[in-house]
Amino acid sequence: MPKNIGDRFLKKIADRFKACIRDADILCRIGGDEFALLVPDITNLNDVDKIARRIIDSFKQPLTVSGHKFSSTVSAGIAIYPNNGRDGKSLLKKADIAMYKAKEGGKSNLQYFNNYLSREINLRNDIKKDLKNAIHNGELFLCYQPLIDAKTKKTVCLEALIRWKHPRKGIIGPVEFIPIAEETRHIISIGEWVLKNACKQLKEWHKTGRTDCGLSINVSAIQLQQPDFAEGVIRILLETGLLPKYLMLEITESVLIESVYNVKRNLNRLSKSGVKISIDDFGTGYNSLKYVQTLAANSLKIERTFVFNIKADINKVIIDAIISLGHKINAEIIAEGVETKEQYEYLKEKGCNIIQGYYFSKPLLPEEATEFLKVNSN
Ligand code: C2E
Ligand code: CA
C-alpha cells in the first residue's frame, strides 16, 4: 500500500462530499471518520432530505485512491436548528445521537434526531452503568419456560430466561439489556451466572423426582468466542453434579455464520462431552444448511415468526421443510411461540417433536415451575 493512503482516502471523501453541497455549506472533519456538515438557510425540510440522500448515494460508487478502489458508506445523523438545539454544541450532540441510531439501522442510512432517541440513549447509558453491579446486587433472576413433548404433552426440558429487577426501573427484559451486556462484554459473567444458577435449580427439581427433565440455556456469540468457554461449562456441570446430557445450549444461526476457531472448538468439545446443541431461531439465517451439516446439531428450533403466521402458505412450506430437514439429519424439531391449539395441532401433525409457547405455559418463576412440574408429571 502506498504511504499516506489513509490521508488521501479522507481527502477523496471530502471531495465527494463537496460535490454534493453548495458553496455556502460548511464541511469539517470532526473525528477519525466523522464529518460535520452545516447547511444554513434551509426553508424546506425536504431539501435537507435531498442533500443527505445525495451524499449517501454518491458514496455508492467506490473511491479510487492511488489506483486502488475502496468502497465506503455514509450514515447520516441530522439535527435541525432551532428545534433540536440553539447552539453548535447541542446540535452536534443531537446529530451524533441520531448518527449512532442511523448506524444501528444498517449501512447508508439517515436518521433525524428526536426526543425518543435522547431517552433511548439515556436509558442505554443507565443500563450500561447499572448492569456492572446487577449480579453483585442480586438483581438478576431466572424464569423457566417448559418445553413440551408434542405427543405425550409432558415437560421434557425447561428454558432458562433471564430478567433484571432494576431498583428504579422495575423489571427489564433480556431484549433490552442482553445486547448492551454483549457490547460491554458483561455477558461473560452474566452467562456464567445463568449457567450456575440454572444448573443448581435443575438439580433441585431432579431431587424431587423429575429426573426426566432437561435444561436449556441461551448462549451469546461473545461467550462462545471465549477460548475457555467449554471448560467453564464442564466445570459448572461438575460443581453442580448435573450430567451433561441434561444440558442443552441454544445458539443462534448468526453465531455459526460468523463462526471463528474458538466457537467451533468450544461446540465440538461440549458436543463430545454429551452437552446438546440446539440452533435457535432456525430459518432466519441465510446460510443455515451448511452449518447444520458441519455442526451436527441435536435440535432445531423453528423461529417464532413462522409459527405466528402459520396460516400463510409460505410459512407452512418453510415449517414443513425445516421439519423434514431436521428429521433427515436426526435432529429434533422444537417449535417456539406456540400460542394456539390450531398451531399446536398443525405442528404435531407435521411431526414437530417439542412445543414451547404460551399455549402450554409462559415463562415461570422457579416456584411456579415447581408447581407446573408437579401437575405435569409422568
Ligand atoms: P428466545 O431465545 O427466542 O426466547 C424466547 C422468547 O419468546 C422469550 O422472550 C419468551 O418469553 C418469548 N415467548 C415464549 N413463548 C412465547 C409465545 O408463545 N409467544 C410469544 N410472542 N413469545 C413467547 P424473553 O424471555 O423476553 O427473551 C428474549 C430473548 O432474550 C431470548 O429469545 C434470548 O435470545 C434472550 N435471552 C434470554 N435469556 C438469556 C440468557 O440467559 N442469555 C442470553 N445470552 N440470552 C438470553
Ligand atoms: Ca432460546
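**View 1. Residues around ligand 1 by class.** The shell around ligand 1 holds ten nonpolar, five polar and seven charged residues. Nonpolar here means Ala, Val, Leu, Ile, Met, Phe, Trp, Tyr, Cys and Pro; charged means Asp, Glu, Lys and Arg; the others, Gly among them, count as polar. The model is predicted: local features need pLDDT of at least 70, side-chain atom pairs count only at pLDDT 80 or more, and totals for chains, interfaces and linings use all residues. Residues are numbered from 1 along each chain as its sequence is written, chains are lettered from A and ligands numbered from 1 in the order in which they are written, and side-chain values use heavy atoms, with hydrogens and water left out. Among the 22 residues around ligand 1, the nearest are Gln145, Arg163, Ser220, Glu339 and Tyr358. A residue counts as near if one of its heavy atoms lies within 4 Å of the molecule or strand in question.

**View 2. Polar contacts to ligand 1.** The side chain of glutamine 145 places an N or O atom 2.9 Å from a nitrogen atom of ligand 1. For glutamate 159, a side-chain N or O atom is 3.4 Å from an oxygen atom of ligand 1. Aspartate 280 has a polar side-chain atom 3.1 Å from a ligand oxygen. A polar contact is a pair of N or O atoms within 3.5 Å; within protein, one must be able to donate a hydrogen and the other to accept it, and residues adjacent in sequence count only if both atoms are side-chain atoms. Ligand 1 alone exposes 800 Å², and the protein buries 84% of that. Accessible areas come from the Shrake-Rupley method with a 1.4 Å probe; for residues, only the protein chains shown count as cover. Strand S8 (155–166), helix H5 (174–183), helix H6 (187–207) and strand S12 (276–282) each give two or more residues to the shell. The largest share, four residues, comes from S8. Helices (H or I, at least four residues) and strands (E, at least two) are DSSP runs, numbered from the N terminus.

**View 3. Strand S7 and its partners.** Strand S7 (residues 140–149) has eight of its ten residues buried, so the rest of the structure largely encloses it. Buried means under 20% relative accessible area, exposed over 50%, and partly exposed in between (1.4 Å probe, protein chains only). S7 and S8 run antiparallel, joined by nine bridges. Two strands pair if DSSP finds at least two bridges between them. Leucine 147 has cysteine 157 in S8 as its bridge partner. S7 and S8 form a hairpin with five residues between them, and lysine 153 in the turn has a positive phi of about 60°. S7 also pairs with strand S15 (residues 354–355), antiparallel, over two bridges. Here isoleucine 148 stands opposite isoleucine 355.

**View 4. Parallel pairing at strand S11.** Five of the six residues of S11 (residues 247–252) are buried, so the strand is mostly covered. Strand S10 (residues 214–218) pairs with S11 in the parallel sense over four bridges. Asparagine 218 faces glutamate 250 in S11. S11 and S12 are also parallel, with five bridges. Methionine 248 has lysine 276 in S12 as its bridge partner.

**View 5. Glutamine 226 in its loop.** Glutamine 226 sits between helix H7 (221–224) and helix H8 (229–240). This residue counts as buried because its relative accessibility is 17%. Its side chain reaches the backbone oxygen of isoleucine 222 at 3.2 Å.

**View 6. Backbone details in three loops.** Tyrosine 81 and proline 82 are linked by a cis peptide bond, with omega near 0°. Proline 82 lies in the loop between strand S5 (76–78) and H3. Serine 66 has phi near 45°, a positive value in a residue other than glycine. Serine 66 lies between strand S3 (63–65) and strand S4 (68–70), and is partly exposed at 36% relative accessibility. In arginine 185, phi is also positive, near 70°. Arginine 185 belongs to the loop between H5 and H6 and is partly exposed, with a relative accessible area of 44%.

**View 7. Two domains and tyrosine 100.** The domain assignment gives domain 1 (5–113) and domain 2 (126–376). Such bounds come from an automatic or database domain assignment. The domain centres, taken over C-alpha atoms, are 42 Å apart. Tyrosine 100 is in helix H3 (residues 88–104) and counts as partly exposed at 42% relative accessibility. Its C-alpha atom is 28 Å from that of proline 167, and the two residues are 67 residues apart along the chain.
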